[in-house]
Amino acid sequence: MRLLEVALPLPLEALTYLPPLGREEEEALGRRVAVPWRGEVRVGVVVGEGEGRPALHLRHALAYLDERPLLREEEIAFLKAAAHHLFAPLGQVLADFLPPMPELVHRVRLFPRADPGLLPPGLSALRDWQEAKGFDPKLLDLLREAGVLEEEVSFRPQKRVLRLLKEPEEGLEEAPRRVLEALKALGEAESQAALARAAGVGVGVVKRLLEKGYIGLLPPEPPRGRGPALEPLFLPERPERVNGGRLRERMRVLKGLLEEGDHLVLFPEVGLLERFLEGFPEARPYHGGLPSWAREALFQRPGGTVFATYGGLLLPYTPQGIVVVEEGSESYKLPSGTRAFIPPLAELRARLLGIPLTYLSLVPAVEVLERKPLRLPVPKPRLLTLSLKEERGWPFTGRALALLKQVEERGRQAVVLASRRGFSALLLCPDCGYKPTCPDCALPLRFHQSPPTLCHQCGHKEAPPPLCPRCGSPLLEPRGPGVDWLVRELKERLTLPVYRFAKDGKDDLTPLLRGEPGVVVGTTALLRGPVLPGLALVLLPYADGFLMDSDFRAAERYHRLLWALTELRPGHRPLLVLQTFHPDHPVHRALEEGEVEAFLWEEKALREALDYPPKVRMVKLEVAHRKEERALALALELLEALRKAAGEEEVLGPAPAPVPKLKGHYLYHLLLKGSTERLHELLAHLDRRKFKLDPDPFRFVGLLED
């Protein structure tokens, strides 16, 4: 008998079902299918077919939801390879990459021959078709198991709009012609009434045009790029990576790469994707910010040049090539689910399809340095480092304030970048060193003027104590300036308008976009913000706040950030000013010399000496418990299970996480190092229910935000 392997978008391996009744002979691979699962109806994808003797407990799928396969064999092979690469169940990979499903229409009724008298009271309505959502799912499952329930499951019809099908003919009357001209100008209309209003005619005129085939009800046209097309910059041969240059030069290189055939271009975040769309009117965007119907439409009819975030890797078509933009961006790391890092999966997808892949970025990632490069000339940044060991003034030194005054006098614009939100990183007693700390996280409470103190991880709030609880000192001083502190200081010292731009609140920057003078104080959200036309100065009052992270990628991340800041105003070179306790840091020296790659090669050599990525892969195992001793015991159990299989160089830890307590749980980490196959061998010795796994970790402090 035919059997179906169905992957549900859940953290599970594929499940086995029988085909829908009466449809046993249909090809099913790659089609979406509705199946019963734990008393509910779920939608999955058929990822395998076979023949066999069914077990007694196997259940029939309810219905195929696609007339033709949604995914090809190539996409299914990619899903399985990605699951292996990520040490994750196939269903979890599917959940991460499949677009949202359309809404289901699920109707039920009793089979005509079923005897209602044998059923529980109140089910007489099921003699006729009814919406399933009005009934208890567990009751429906019992009826389904008893074989007396008939079901119809389908996707709800997608949104339809009025679109022009053919141009007006000679001799067409004025009113219909006005309707067609209005629709041509609009592109599409939500309804007949809306189109009639736009054309200034009655609805009857629109109805007649619909009947005669001049206009039709069709799915909305998915969005495309905009703006004038860039002039392409053609290359004699396709490089494996393109680095350096100005943003516009890299965009022109991309235009040359995409000139012929279908291409998939991946971006780490929507903001950067939207910026690139300005020069690529032919591109079709695909990302989570689009309505679900637009993503479904592109998934059903892929092709051409597609600008996508990570979900684009599963689009069912074979492009001529894949381009990964800013491959080192941490935004490629999924914060949940498989916690995948996308660039290696892009390589996997390209290899399985047999197509070339090119990385395109200002600063290459350490992982791709060995690839065949095209290096574009880089304008030397204008950099000034101010040593906080020598300069006076806090949070702005005297020289930094003088530069801000020059911006004010010349009517220009400045950006001041802070490493944290709120007013300050903590409150500190100057007499005994006490600082208010979150009761559920091993972190100081961030000081906000409203609410007063707040934990940025669990949301705990409390008023600051009037006196130090430890020594009774009447003064608790704020330390570590945040966005609000810097805003207050600048408003006191400058006459320029001061704006705030951070994740928790963004001021209207319209005056600045018109070219008016002002200062914007914000977090790294500014990198995804609008381009300021008069930007002359970028200031980091405490640059070390971006450098002192607790992981081996911190310096590389800081290096990438500083170079990104040099492109805040494309085509110009704003002065970059860093207030730092480490003016001689290698990252600063590289920036002064205008060297994009030199520091990264040093970093790569250091990691290879330590047997760190990219020489080997790394996975993080995290155990958590509300009792610290139990968390440590769980971590030691994992270590004991690994002792016989792993060498000393393959396991680091267990050790408390850099933030050892988070949201009431104590955290311990183990790090495993090795090839993908070797890591699979090591993980086979462990009970996966006892820990959370993070492949290719980028942060080592848990799921923190700041």
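**Strand β16, the nonpolar cores and helix α18**

Both faces of strand β16 are covered, with Leu-357, Tyr-359 and Ser-361 buried on one side and Thr-358 and Leu-360 buried on the other. The model examined here is predicted. In a regular strand, side chains alternate between the two faces of the sheet. For β16, which spans residues 357-361, 5 of the 5 residues are buried, so the strand is largely enclosed by the rest of the structure.

The pairing of β16 can be followed strand by strand. Strand β11 (residues 241-244) runs parallel to β16, and the two are paired over 3 bridges. Here Val-242 stands opposite Leu-360 of β16. Strand β15 (residues 321-325) also pairs with β16 in the parallel sense, over 4 bridges. In this pairing, Val-324 has Tyr-359 of β16 as its bridge partner. From β15 the chain passes through helix α10 (residues 342-353) to reach β16, and this β-α-β crossover is right-handed.

Attention turns next to the nonpolar cores. In soluble globular proteins, nonpolar side chains tend to be buried together. The largest nonpolar core holds 46 residues, and those touching the most other members are Leu-264, Leu-266, Leu-313, Ile-342 and Leu-345. When neighbours within four places in sequence are left aside, Leu-264 is in contact with Val-306, Ala-308, Gly-312, Leu-313, Leu-315, Tyr-317, Pro-319, Gly-321, Ile-322 and Val-323. A second core, separate from this one, has 36 residues, among them Val-415, Leu-417, Trp-563 and Ala-590.

Helix α18 offers a clear view of how one element is placed against its surroundings. This helix covers residues 628-643, 16 residues in all, and reaches 23 Å from its first C-alpha to its last, close to the 22 Å expected at 1.5 Å a residue. Its buried residues are Ala-631, Leu-634, Ala-635, Leu-638, Leu-639 and Leu-642. Seen down the axis of α18, these buried residues fall within an arc of 140 degrees, so they line one face of the helix. On the other side of α18, Glu-629 and Arg-643 are exposed. The packing partners of the buried residues of α18 are the strands β30 (617-625), β31 (651-662) and β32 (665-674), together with helix α19 (676-683).

Some details of the backbone also deserve a look, beginning with two cis peptide bonds. One is the bond from Pro-613 to Pro-614, with omega near 10 degrees; Pro-614 lies in the loop between α17 (598-609) and β30. Another cis bond joins Gly-653 and Pro-654, where omega is about 10 degrees. Pro-654 belongs to strand β31, one of the elements against which the buried residues of α18 pack.

Positive phi values in residues other than glycine are found at Arg-38 and Asp-696. For Arg-38, phi is near 50 degrees, and the residue is placed in the loop between β3 (32-37) and β4 (40-51). Arg-38 has a relative accessible area of 71% and is exposed. For Asp-696, phi is likewise near 50 degrees, and this residue is found in the segment after β33 (692-695). Asp-696 has a relative accessibility of 13% and counts as buried, because the cut-off for buried is under 20% relative accessible area.

Notes
Residues numbered from 1 in each chain as written. Predicted model: local features only at pLDDT ≥ 70, side-chain atom pairs only at ≥ 80, totals over all residues. Heavy atoms only, no water. Core = buried A, V, L, I, M, F, W, Y, C linked by side-chain atoms within 4.5 Å. Buried < 20%, exposed > 50% of the residue type's maximum accessible area, 1.4 Å probe, protein only. Contact = heavy atoms within 4.5 Å. Expected span 1.5 Å × (residues − 1). Arc of directions from axis to C-beta. Pairing = 2+ DSSP bridges. Right-handed = clockwise from strand over helix to strand, strands pointing away.
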